[in-house]
Amino acid sequence: MNTISYDVIVVGAGHAGIEAALAASRMGCSVLLMTMDIAAIGRMSCNPAIGGTAKGNLVREIDALGGEMAKIADVTGIQFRMLNKSKGPAVWSPRAQNDREGYSAEARRRVEAQESLHIMQDMVTEVLATDGHISGVDTGTGTRIACKALVVSSGTFLNGVMHTGLKKSIGGRFNEPPAVGLTASLEKLGFVSARLKTGTPPRVDRRSIDFSKVEEQPGDPDPQPFSFQTKEVTRNQVSCFLTYTNKDTHALLRTGFDESPMFTGLIKGIGPRYCPSIEDKIVRFADKERHQIFLEPEGRDTDVIYVNGFSTSLPANVQYEAMKTVPGLENVEMLRPGYAVEYDFFPPHQVKLTLETHLVKGLFFAGQINGTSGYEEAAGQGLVAGINAAIGVRGGDPLVLKRSEAYIGVLIDDLVNKGTSEPYRMFTSRAEYRLMLRQDNADRRLMEYGYRFGLIPADVHGSMRKKEERIRTLSEYVSRKSVPPSAVNSYLESIGSTPLNENEKLSQLLKRQDVRLSELLRLEFFTTDSLPLDAANQKDVVEQVEIETKYEGYIVRQQEEIERFDKYEAMEIPEGFDFQRVKSLSTEAVEKLTKVAPSSIGQASRISGVSPADISVLMVYLHG
């Protein structure tokens, strides 16, 4: 058997694999990216969209750390929207509709252009470990490849089975074979696997849609790019469209329930709670007379439309007839039916917060193999796994993102400490410090890490430091400047706000809900004042100062909570600690603590089944 060697091998070239491979190679490692189909690198299996509520925050964080997803989304986006702008900034989230083929092509181009990164089209059938350390892999073509670190990011391909009605076929994605052998190999090493399910809706022909019966959903007039390194979005945007199901749709869908693989028990894996199939929706929400359906283009130069909200594994003829009852789709032509896919995953208590596995040193899991759903969740994990794989090869302190500093930290912390029995999806409500983890300040939170690891160029890092200085300068101006009534009362009356009777600090004035700092700074009083122009003329600087001034009280409170959180995170638990030695711990706590193997008191306190009393006992035992 021929043997070749790399520092890091990445298995799977989806969104997790791309980030892992690029990060490790940019950090100085020789990297092999293995995929069963080179043409499928970065393929968008489901909706060709990046971001959305909370997911957009993940993409901005990936970018701040030096990842690639945001840049690819900016280059291939066909529509950009900032969601939840009518609400507070803690829940603002960017989203882009992307060109499906363009995204994959751009991802492949970037991977192929990266130095020290090689691509191999083959399937891993065996993971090799020696004395508890990763040593390499065997492939389906009989090649043995040695490595110092291995990142497995296999998506939905591990023993994948696709279902449409009672018809099933093996595969991890439409017209793509499953990955066979890898699950069994990992189980031989002592890992435990389980099954999950996800699904995708039908695709239809744009030319068969009656657009007079649907609502247009245009992009933002001033679109904001994802990447902090993208100056602006200049391309024309494409509209999406909204329509709704009705009672007739639901009645027709019910006729297929006796052939539904989900209801007849053919599908054993649990599906995503927060992105249910259309048949699941009409059962779980039987009181609702209609459900939203978004008609989303798969690209600029294609007539394929993605029917978002109509994910299903019902028989193809039932899907088709039900869609024809939806306004605008009466004469629709279905290009491809929806389907569900079942696949293996490895419950994530088996990995550390670095995403390295407990059982095998140098082996990392990232993406859907850990039980997540979504491109963004996968990419965030892939980036962390790739960075830590490179650190394991080169030496240095691993990257562990805390819940208090990144949505990626919340994601990994939830997976490891709480586990998941269904595909995990990120929401803003999962982050207790979400006012601090806004999409607009991801660069300020995380770019230092990216620069330290060599993933952020010096000039980009320098620009961020200058931005930080301008924010400080403008904040100081806002906090000390007093404003007379004559300067602002006309403006206040124009927005329906109470006029001033006496001088007021600009910072206090800015706490009013409808007052905008950008508008104030354009008033004559300020333009003729000693205003720090460098800061005042930068839109992102003004936005940061406004948000931090308006929400100052809440931010201070969250910072105090984070300080208490950090105190417990700093209380370390020795690696390999035997929790059975602590006699006062409950039986359940010993079982859960042993299973997860937390590295700190803080992490231990977030494990389901470990009570505050157990934490007190553990603190006394370890730290007096």
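1. Long-range contacts first: of the contacts in the chain with a separation of 6 or more, 73% are between residues 24 or more positions apart, with contact meaning heavy atoms within 4.5 Å.

2. Before you read on, this is a predicted model, where local features need pLDDT of at least 70, side-chain atom pairs count only at pLDDT 80 or more, and totals for chains, interfaces and linings use all residues. Numbering runs from 1 along each chain as its sequence is written, and side-chain values use heavy atoms, with hydrogens and water left out.

3. On overall dimensions, the radius of gyration is 26 Å, which agrees with the value near 25 Å for a compact globule of 624 residues (taken over C-alpha atoms; the rule is 2.2 Å times the number of residues to the power 0.38). The C-alpha trace spans about 80 × 70 × 50 Å along its principal axes.

4. As for secondary structure, you get 22 helices and 22 strands; these are DSSP runs, H or I of at least four residues for helices and E of at least two for strands, numbered from the N terminus.

5. Burial covers 56% of the 624 residues (buried is under 20% relative accessible area, exposed over 50%, partly exposed in between, with a 1.4 Å probe and protein chains only).

6. One residue to click on is aspartate 205, in strand β13 (residues 203-205). Aspartate 205 counts as buried because its relative accessibility is 6%. Beyond its neighbours within four places in sequence, aspartate 205 is in contact with Asp303, Glu333 and Leu335.
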